[in-house]
Amino acid sequence: MTLPLQIHSLFDSATSTVTHIVYEADGAPCAVIDPVLDYDPKSGRTSTQSADAVIAFVRAHGLQTQWLLETHAHADHLSAAPYLQHQLGGKIGIGAAICAVQGAFANVFNLKDQAAQDGSQFDHLFAPDETFAIGRLQARALHVPGHTPADIAYMVGDAVFVGDTLFMPDVGTARCDFPGGCAAMLYQSVRKLLALPPATRLFMCHDYPPAGRAAHWQTTVADQRAGNIHIRDGIGEADFVAMRTQRDATLAMPTLILPAIQVNINAGKLPAPEDNGVRYLKVPIDAF
Ligand SMILES: [Fe+2]
């Protein structure tokens, strides 16, 4: 039996991130995928307009928040999962390989034993291909490493939330130059997604539209196979890896990578306040 599937998506233009809310019907359990905590890097101030829009939608539709799902430890925005959990409930989940990402960045930030590297900050770690439920909807966690070692694409019915693997066909694919990233691995992960039935709907985690095009975040396996500028059918692994490596060498670090990674490997929890009541983040000098 194929159950109906409702998907409501919110686009954060400050970080070009799309948050998806997935549910069967009003009043049902839902999953919130990749929620954003607003953060102003100039002032170091957080705010919750984006997360409050998620809360308003969830409440307006009588949804019960069962899951707060991260596709990976994002480098471009801070996660609002703990804020949403406090307001709405739900379990925070991420791929089990987050432990490798925690290990890599614990060195960069010299966290030592201040931060566990076993994923225990999260409520649930998804094994590759693990199945789970969102109410009556059946879901599956597809391990799609490459952008980071821990990326998960969440498949629910005929929809896949691809995280940072594919972008829209005219934008291409995610970068692979962060610690633990691997272009060859991303190629294999994307080809796995593109082996799904052609009509499978793919929902992006980001869109960076070229000038003149509005932001979009929904496409299909068929569209990506026909037209993705980096990885359409006919482009082999060696050519993809050469393109990706060359392109990544030209990309600046994302504006929020230092605050975002520190917070997101800790399941979105901000550091504890110091004795003056203020929370601080670290900036490693000359380490990136
Ligand atoms: Fe990312």
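**Close-up 1. His 147, a buried iron ligand.** In this predicted model, His 147 has a relative accessibility of 5% and so counts as buried, the cut-off being under 20%. Look for His 147 in the loop between strand S11 (137-143) and strand S12 (152-156). Its NE2 atom is one of the protein donors of the iron ion.

**Close-up 2. The iron ion and its protein donors.** Here we have His 72 (NE2), His 147 (NE2) and Asp 164 (OD), lying 2.1 to 2.4 Å from the metal. Along the chain, these donors follow the spacing H-x74-H-x16-D. The two histidines link distant parts of the chain, sitting 75 residues apart. His 72 comes from the loop between strand S6 (64-69) and strand S7 (78-79). With just 1% relative accessibility, His 72 counts as buried too.

**Close-up 3. Asp 34, a positive phi in a buried spot.** Most residues other than glycine have a negative phi. Asp 34 goes the other way, with phi near 60°. You'll find Asp 34 in the loop between strand S3 (29-33) and strand S4 (36-40). Its relative accessible area is 2%, so Asp 34 is buried.

**Close-up 4. Asp 286, a positive phi out in the open.** Asp 286 isn't a glycine either, yet its phi is positive, at about 60°. This one belongs to the segment after helix H7 (257-264). Asp 286 counts as exposed because its relative accessibility is 76%, and the bar for that is over 50%. Put the two aspartates side by side: Asp 34 is buried, whereas Asp 286 is exposed.

Conventions
Residues numbered from 1 in each chain as written. Predicted model: local features only at pLDDT ≥ 70, side-chain atom pairs only at ≥ 80, totals over all residues. Heavy atoms only, no water. Donors = N, O, S within 2.8 Å, 3.2 Å for Na, K, Ca; no water. Helix = DSSP H or I, 4+ residues; strand = E, 2+ residues; numbered from the N terminus. Buried < 20%, exposed > 50% of the residue type's maximum accessible area, 1.4 Å probe, protein only.
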